[in-house]
Amino acid sequence: MHSTLLPERTYDNIAEQYTVHYIVKPGNAKKHVVMRDEDLSYIYHWLNRMLADCASKQNIEPDIFEMVTRFNNKLPKSTLETTKNSLMSYIGGLLSNRYRNPSQDFTQGQLQFIEFCFDAIYFAYGENGEFDEKDLGYDIKTGVANEPPQRITFVEV
């Protein structure tokens with residue numbers, strides 16, 4: 001199935017989250033998944049933004065940097081080491097995998113952890129989060145504020 005045949009993501013106003021649809025690649029032992037290009041772009045955009053904004057504030061807001069570098073039991077251990085992951089190391093690993101091999105897709109097993117990362121991103125940019133409207137930014141041509149990130153849930157088609 002080509003990714004454009006997948007349903008477009010939908011937004012649930014009550015849960016305040018996107019539903020992103022995917023399929024598991026047939027015959028793939030690692031259960032890599034296929035999703036729409038615009039969903040991948042959205043996911044990678046917010047993973048990158050979270051790392052960039054946390055790194056840029058590490059000296060002026062050290063609590064943010066400490067929060068994202070703390071080991072987290074809700075994330076899997078690193079496959080390269082036997083250490084636990086922090087939010088930053090897990091997101092960094094996802095991005096690093098993508099940059100090393102742009103055609104590599106997420107695996108089905110990673111999706112629950114990406115959902116966890118997006119919960120953290122959603123709350124970091126939310127009303128009482130660490131980042132404010134200034135951090136979120138705006139379109140310099142129109143002056144319109146950028147849309148905040150939303151939580152994500154994945155559904156297999």
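1. In this predicted model, a good place to start is the packing of two helices, where Tyr44, Leu47, Asn48, Met50, Leu51, Cys54 and Ala55 of α1 meet Leu87, Met88, Ile91, Gly92, Leu94, Leu95, Arg98 and Tyr99 of α3. The residues of this contact between α1 and α3 divide into 12 nonpolar, 2 polar and 1 charged.

2. As for the geometry of that pair, the axes of α1 (residues 37-56) and α3 come within 10 Å and cross at roughly 130 degrees. Because angles over 145 degrees would count as roughly antiparallel and 65 to 115 as roughly perpendicular, α1 and α3 are described as oblique to each other. The crossing in which α1 passes α3 is left-handed.

3. Helix α1 also packs against α4, and here the axes come within 11 Å and cross at roughly 60 degrees, so that α1 and α4 are again oblique to each other. The crossing of α1 and α4 is left-handed. On the α1 side the contact is made by Tyr42, Ile43, Trp46, Leu47 and Met50, and on the α4 side by Ile114, Cys117, Phe118, Ala120, Ile121 and Ala124. The residues of the contact of α1 with α4 divide into 11 nonpolar, with no polar and no charged residue among them.

4. Turning to the strands, β2 (residues 17-24) deserves attention, since 7 of its 8 residues are buried and the strand is therefore largely enclosed by the rest of the structure. With β4 (residues 151-156), strand β2 runs parallel and is joined by 6 bridges, and one position to look up in this pairing is Thr19, whose bridge partner in β4 is Thr153.

5. Strand β2 has antiparallel pairings as well. To β1 (residues 10-12) it is joined by 3 bridges, with the two strands running antiparallel, and Thr10 has Thr19 as its bridge partner in β2. Thr19 can thus be followed to both sides, as the partner of Thr10 and with Thr153 as its own partner in β4. To β3 (residues 33-35), strand β2 is likewise joined by 3 bridges in an antiparallel arrangement, where the bridge partner of Ile23 is Val34.

6. Two residues in the loops beside β2 may catch the eye of anyone checking the backbone. Most residues other than glycine have a negative phi. Glu16, however, has a positive phi near 50 degrees and is not a glycine; it is found in the loop between β1 and β2, in a hairpin that has 4 residues between the strands. With a relative accessibility of 35%, Glu16 counts as partly exposed.

7. The other such residue is Lys31, which has a positive phi of about 60 degrees although it is not a glycine. Lys31 has its place in the loop between β2 and β3, and at 44% relative accessibility it counts as partly exposed.

8. A last point concerns Gly109, which lies in the loop between α3 (87-100) and α4 (111-124), the helices that were described above as partners of α1. Gly109 is partly exposed, with a relative accessible area of 44%. Although Gly109 and Val33 are 76 residues apart along the chain, their C-alpha atoms are separated by 9.6 Å, and Val33 falls within the residue range of β3 (residues 33-35).

Conventions. Residues are numbered from 1 along each chain as its sequence is written. This is a predicted model: local features need pLDDT of at least 70, side-chain atom pairs count only at pLDDT 80 or more; totals for chains, interfaces and linings use all residues. Side-chain values use heavy atoms; hydrogens and water are left out. Buried means under 20% relative accessible area, exposed over 50%, partly exposed in between (1.4 Å probe, protein chains only). Two strands pair if DSSP finds at least two bridges between them. Axes are lines fitted to C-alpha atoms, for helices over the stretch in contact, and angles run from 0 to 180 degrees between N-to-C directions. Angles under 35 degrees count as roughly parallel, over 145 as roughly antiparallel, 65 to 115 as roughly perpendicular and the rest as oblique. A crossing is left-handed if the near helix is turned anticlockwise from the far one by less than a right angle, and right-handed if clockwise. Contact means heavy atoms within 4.5 Å. Ala, Val, Leu, Ile, Met, Phe, Trp, Tyr, Cys and Pro count as nonpolar, Asp, Glu, Lys and Arg as charged, and the others, Gly among them, as polar.
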